[in-house]
Structure formats: C-alpha cells, structure tokens
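The following exercises are to be worked with the sequence and the model at hand. Each task is followed by a solution in steps.

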Amino acid sequence: MSNFRTVTVKGRQFRVRAGDVLLDGALANGVEIPFDCRAGTCGTCMVHVAKGQTVCGETHTQGMIYACQARVVSDLDVEVEDVPEIDISKARLVGLREVAPDIMELMIAPEKSISYLPGQYFKFTFAGYPARAYSPTASFDGRIGGRVIHLNIKKVRGGRVTTALGSGIRPGHRLRIQGPYGHAFLRPGGAGRLILAGSGTGFAPIWAIAAMALRENRNRPMVIIAGAKKLPQLYMTPILAQLARLPNVTIIPTVEEGPINHPSIRTGRIEPQMPTLTASDVVYACGSPRMVTALAGMVEKAGATFYADPFDSAPPEAPSGLIGRIKTLVARRPAEAEPSRDSGKGREPSVDPFERALSLVPKDPIDDDLGLRRPEPRRSTAAERDHALSLVRERALADPAQLQERPRRAAGQTASGLV
Ligand SMILES: Cc1cc2nc3c(=O)[nH]c(=O)nc-3n(C[C@H](O)[C@H](O)[C@H](O)COP(=O)(O)OP(=O)(O)OC[C@H]3O[C@@H](n4cnc5c(N)ncnc54)[C@H](O)[C@@H]3O)c2cc1C
Ligand code: FES
C-alpha cells in the first residue's frame with residue numbers, strides 16, 4: 001500500500017503521508033483550516049470527518065476531531081464549518097467600569113468593521129502588554145453588534161493584563177484585535193433546548209449566545225446557569241432579571257460560597273444545578289476549565305450536543321489562518337455615522353455614553369508593531385508518523401470495531417469540546 005493518502009477538505013483534494021498531522025498537511029497544500037493554539041485546547045481547528053480514519057485529536061463529540069492533533073491514517077473526507085475570516089484591527093478602549101468587585105466591563109471601538117459569531121473570541125493586545133483572549137458579549141441591555149465591542153473581564157491576582165485595567169490600561173489606550181477564533185459559537189437555525197452555563201466572566205459569551213438566539217427565535221426553550229464565587233460577583237443579575245420574564249427561559253443563578261438567603265439564588269457550583277439532559281439538548285459551557293470538563297462528561301453520557309469555551313489562562317500563541325465568510329455582526333451600520341472628531345458642533349448629542357466617549361478619543365495612528373505572521377506548517381517527522389501508525393495497529397488489535405468508518409453526523413449536529 002502506498003505511503004500517501006488523499007484528503008478532501010471542502011471539495012479540495014491533496015495528498016499527505018500516512019501519519020501526517022491533518023492541519024499541517026492542509027496548510028502545506030494551501031488549504032485553509034482555521035486554527036489558533038495548535039495544542040488541542042481552543043477548538044478553533046475542529047472539523048468533521050465525514051469519511052475515513054485518523055488517530056489522536058479526538059474530541060468529546062463523535063466524528064469531530066482537532067485537525068491540529070489528528071494524524072491521517074486512511075483517505076479522508078473532511079468538512080469544515082464556515083466561520084468569519086480571521087482579521088486584525090486597530091482599536092481603542094473607549095469605556096471601562098467596574099460592574100462588580102474585580103469584574104470590569106470594557107468598551108472597545110475597532111477602527112474597522114469586524115465579524116464574529118456570538119461565542120467566538122478574539123486576541124486583544126493592549127499596547128505595552130501581552131495578547132490575551134477575550135470573548136465579546138452583548139451589552140447589558142441585550143444589544144449585540146454595532147460599533148463597540150463589550151467585554152467582561154475578571155481581574156486575576158498577579159495577572160499581567162487584568163491587574164493593569166484602570167491603571168496602566170485606561171480609556172484611550174490603543175490596542176490590536178485579532179480573530180475571531182473558537183468553535184463554541186451559536187449555530188443559526190437551531191431549535192433544540194439550549195442549556196447555557198457560564199462561570200464568572202464565562203457569562204460573557206453565554207450572554208452573547210443567549211441574546212442572539214432570542215433575537216433569532218424568541219420562543220426557543222433555554223436554561224441559563226450563571227455561577228459566581230461570591231454573591232457580589234454575580235454581576236449579571238440585571239440581565240438575568242430581564243431574562244426571567246420570558247416564559248421559555250429558566251434562570252439559575254448560583255453562588256459557590258454561601259449561605260445565600262435569597263429564594264432565587266442557589267448555593268454551590270454549576271455542575272449540580274444542571275437539568276437532566278436529553279439527546280436533543282444543545283449545551284454551551286464557558287469559563288472555568290474544571291466546570292467545562294465536568295459538563296463535557298455529563299453531555300457525553302446524555303448524547304447531547306456540546307460546545308465549550310474553557311478560559312485557559314495560557315497566553316495565546318502566534319496569529320494564524322483564514323476562512324469563510326459570514327455576515328458582519330459587528331459592523332458599521334449605515335445609521336451609525338462616523339462620529340465627529342472635531343468640536344462636535346452641529347452634531348446631535350449621542351444617547352449612548354460610550355459612543356460619546358468614542359468621539360472624544362483622538363485618532364492617532366497605532367504603531368504597526370505586530371504584523372500578521374503565519375506560522376509555517378510543520379512537517380511530521382518519520383518517527384512521529386511511525387508512532388501514529390503503531391497507535392492505529394495497537395487500537396485495531398485491542399478493538400477492531402474502532403477502525404470502522406465513522407458514521408456521518410446529521411447536518412447541524414456538529415459540536416465542540418475540549419481535550
Ligand atoms: C478562549 C478564551 C476566552 C477567554 N475569555 C475571557 C473573557 O471573556 N473574560 C475573562 O475575564 N477572561 C477570559 N479569558 C481568560 C483571559 O484570556 C486571561 O487568561 C485572563 O484575563 C488573565 O490574564 P492576565 O494577563 O491578567 O493574567 P496572566 O498574566 O496570564 O496570569 C494568569 C494567572 O496565571 C498566574 N501565572 C502567570 N504566570 C505564571 C507562572 N509563570 N507561574 C505560575 N502562575 C502564573 C497568574 O498569577 C494568574 O493567576 C479567556 C481565555 C480564553 C482561552
Ligand atoms: S488550533 Fe487545534 S485546538 Fe486550537
């Protein structure tokens with residue numbers, strides 16, 4: 001048998017050596033699969049194997065693999081979801097306020113329109129600080145999109161970036177945004193019950209997903225579990241109060257350190273508050289990696305669909321890839337005219353305080369110190385390929401059924417997970 005295998009990604013065919021890493025093989029052949037960490041943690045490179053066999057890079061969802069970890073064993077047919085293209089924009093911090101002890105809301109104005117899907121994340125590089133990943137959220141009144149990106153950021157003790165919020169990093173600070181990345185985004189058109197779990201500022205992407213899902217279908221059944229360590233850190237209470245009015249939405253706020261003398265707030269972690277899951281549920285879990293891992297196990301048992309965004313504290317790696325085209329969610333809408341940078345004479349006062357703040361920020365050029373560099377695809381060594389193939393042989397001996405072709409998943413049932 002030849003040492004080479006034929007891989008088809010989005011209808012494009014290329015040949016790789018048996019045992020090569022799928023992502024490396026694709027990039028070496030000019031075929032784009034989006035990626036970020038290349039370590040099997042961020043989920044950006046998740047793809048669906050429609051036909052064929054790989055080893056390594058398995059996820060919690062059948063048929064889905066991390067292309068950055070999976071090694072090609074047989075001929076493959078791979079499906080990649082359409083996501084917005086990864087791009088870079090200069091931006092400014094235009095608003096910063098504490099919404100709860102150690103929890104900040106940031107308003108960021110990119111210089112150009114950027115596209116993302118609710119639940120995705122970007123890398124934010126504040127001038128003078130290292131890049132960090134953050135997930136855009138909807139505003140407290142449920143607006144998503146528009147020209148200002150909202151973030152909820154927890155101040156981490158000893159953290160390089162978050163401890164500088166309000167001191168070294170203040171309104172007017174220049175930054176660079178790169179993305180979007182991640183796989184835990186809202187798939188349009190879904191009808192199954194949504195279970196949305198966010199611990200701490202993991203509520204940020206959860207609120208973005210909930211706001212967009214309700215905009216799409218106001219009657220979609222939804223359970224939202226919002227966790228915090230202490231009661232004052234339950235910063236999303238005003239949002240939960242609005243959501244609680246909807247008959248199809250169940251709200252479960254929970255605080256780890258009790259006791260809490262409040263009839264609507266539970267005590268304990270998120271995991272025990274989860275409803276009984278069924279196979280038709282779609283579960284999103286964002287925030288604490290420990291909570292995400294626990295929920296992954298529960299979801300797998302129930303056979304439900306899982307999308308996860310664990311807030312790993314590891315700094316993001318080098319920039320990457322490109323893909324697809326999905327409509328702009330953070331776009332300059334025609335109605336939102338460019339704010340005047342001069343005296344503001346003749347201009348109606350803006351109703352949005354952050355829009356007003358934006359108009360006061362001077363428009364200096366941002367240093368272009370971090371150009372977009374694409375890492376070179378890495379070639380697998382012969383030893384790595386041999387190791388991958390010996391894994392296949394071992395698995396085949398232990399369980400011959402494993403080498404059967406993977407079943408094709410129904411459309412819209414793709415899912416994300418973690419290692
Ligand atoms: C996909 C993704 C999305 C995210 N979205 C959000 C979000 O929306 N909101 C949010 O608040 N956070 C989010 N995060 C987390 C965020 O990216 C940062 O990790 C977090 O803000 C801490 O950054 P920092 O620079 O302040 O801390 P860091 O300097 O990175 O330090 C983080 C922690 O590690 C410790 N540490 C640092 N260096 C060492 C070392 N050498 N040895 C031992 N310990 C060390 C620090 O003391 C600190 O406790 C997300 C993370 C990911 C991966
Ligand atoms: S690039 Fe593969 S999981 Fe992050």
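**Exercise 1. Locate Pro180, and describe the peptide bond that precedes this residue.**

Solution. Pro180 has its place in strand S13. In this predicted model, the peptide bond leading from Gly179 to Pro180 is cis, with omega near 5°. The strand that holds Pro180 spans residues 174–181. S13 is mostly covered, since 7 of its 8 residues are buried.

**Exercise 2. Determine which strands pair with S13, and in which sense.**

Solution. Step 1: strand S8, residues 87–100, runs antiparallel to S13 and is joined to it by 6 bridges. Within this pairing, Ser89 stands opposite Ile177 of S13.

Step 2: strand S10, residues 121–126, also pairs with S13 in the antiparallel sense, here over 5 bridges. Two positions fix the register: Thr125 stands opposite Arg176, and Phe124 stands opposite Ile177. Ile177 of S13 therefore faces Ser89 on the S8 side and Phe124 on the S10 side.

Step 3: the pairings belong to an open sheet of 6 strands in the order S11-S10-S13-S8-S9-S12, with antiparallel pairing. S11 and S12 stand at the edges; each has a single partner strand, so one side of each is left without a neighbour in the sheet. On average, neighbouring strands of this sheet are turned by 40° against each other, direction ignored.

**Exercise 3. Classify Leu93 as buried or exposed, and list its contacts beyond the local sequence.**

Solution. Step 1: Leu93 is found in strand S8.

Step 2: a residue counts as buried if 20 or more other C-beta atoms lie within 10 Å of its own. Leu93 has 22 C-beta neighbours inside 10 Å and therefore counts as buried.

Step 3: once neighbours within four places in sequence are left aside, Leu93 is in contact with Leu106, Ile108, Ile169, Pro171, Gly172, His173 and Leu175. For Ile108, 15 residues away along the chain, the C-alpha separation from Leu93 is 4.5 Å.

**Exercise 4. For Lys10 and Asp102, state the phi value, the location and the degree of burial.**

Solution. Step 1: Lys10 has phi near 50°, a positive value in a residue other than glycine. Asp102, likewise not a glycine, has a positive phi of about 65°.

Step 2: Lys10 is found in the loop between strand S1 (4–9) and strand S2 (12–17). Asp102 is found in the loop between S8 and strand S9 (103–110).

Step 3: Lys10 has 15 C-beta neighbours inside 10 Å and so counts as partly exposed. Asp102 is buried, because 20 other C-beta atoms lie within 10 Å.

**Exercise 5. Which side chains of strand S7 are buried, and which strands pair with S7?**

Solution. Step 1: in a regular strand, side chains alternate between the two faces of the sheet.

Step 2: strand S7, residues 76–79, shows such an alternation. Leu76 and Val78 point to one face and are buried, whereas Asp77 and Glu79 point to the other and are not.

Step 3: S1 runs parallel to S7, and 3 bridges join the two strands. Strand S3, residues 46–51, pairs with S7 in the antiparallel sense, also over 3 bridges. Val78 takes part in both pairings: its bridge partner in S1 is Val9, and Val49 stands opposite Val78 as well.

**Exercise 6. Explain why ligand 1 lies between two domains, and describe the shell around it.**

Solution. Step 1: domain 2 (87–182 + 315–360) and domain 3 (194–310) both give residues to the shell around ligand 1, so the ligand lies between them.

Step 2: of the 25 residues around ligand 1, Ala133, Gly158, Gly159, Val161 and Thr162 come nearest. The elements giving two or more residues to the shell are strand S11 (132–134) and strand S12 (149–154). S12 gives the most, with 4 residues.

Step 3: by type, the shell residues divide into 11 nonpolar, 8 polar and 6 charged.

**Exercise 7. Is Glu216 buried or exposed?**

Solution. Step 1: Glu216 lies in helix H2, residues 203–216.

Step 2: Glu216 has 12 C-beta neighbours inside 10 Å and therefore counts as exposed.

Step 3: the C-alpha atoms of Glu216 and Gly190 are separated by 9.4 Å, with their places 26 residues apart along the chain.

Note on methods
Residues numbered from 1 in each chain as written. Chains lettered and ligands numbered in written order. Predicted model: local features only at pLDDT ≥ 70, side-chain atom pairs only at ≥ 80, totals over all residues. Near = placed C-beta within 6 Å. Nonpolar A, V, L, I, M, F, W, Y, C, P; charged D, E, K, R; others polar. Domains from an automatic or database assignment. Axes fitted to C-alpha atoms, helices over the stretch in contact; angles between N-to-C directions. Contact = placed C-beta atoms within 7 Å.
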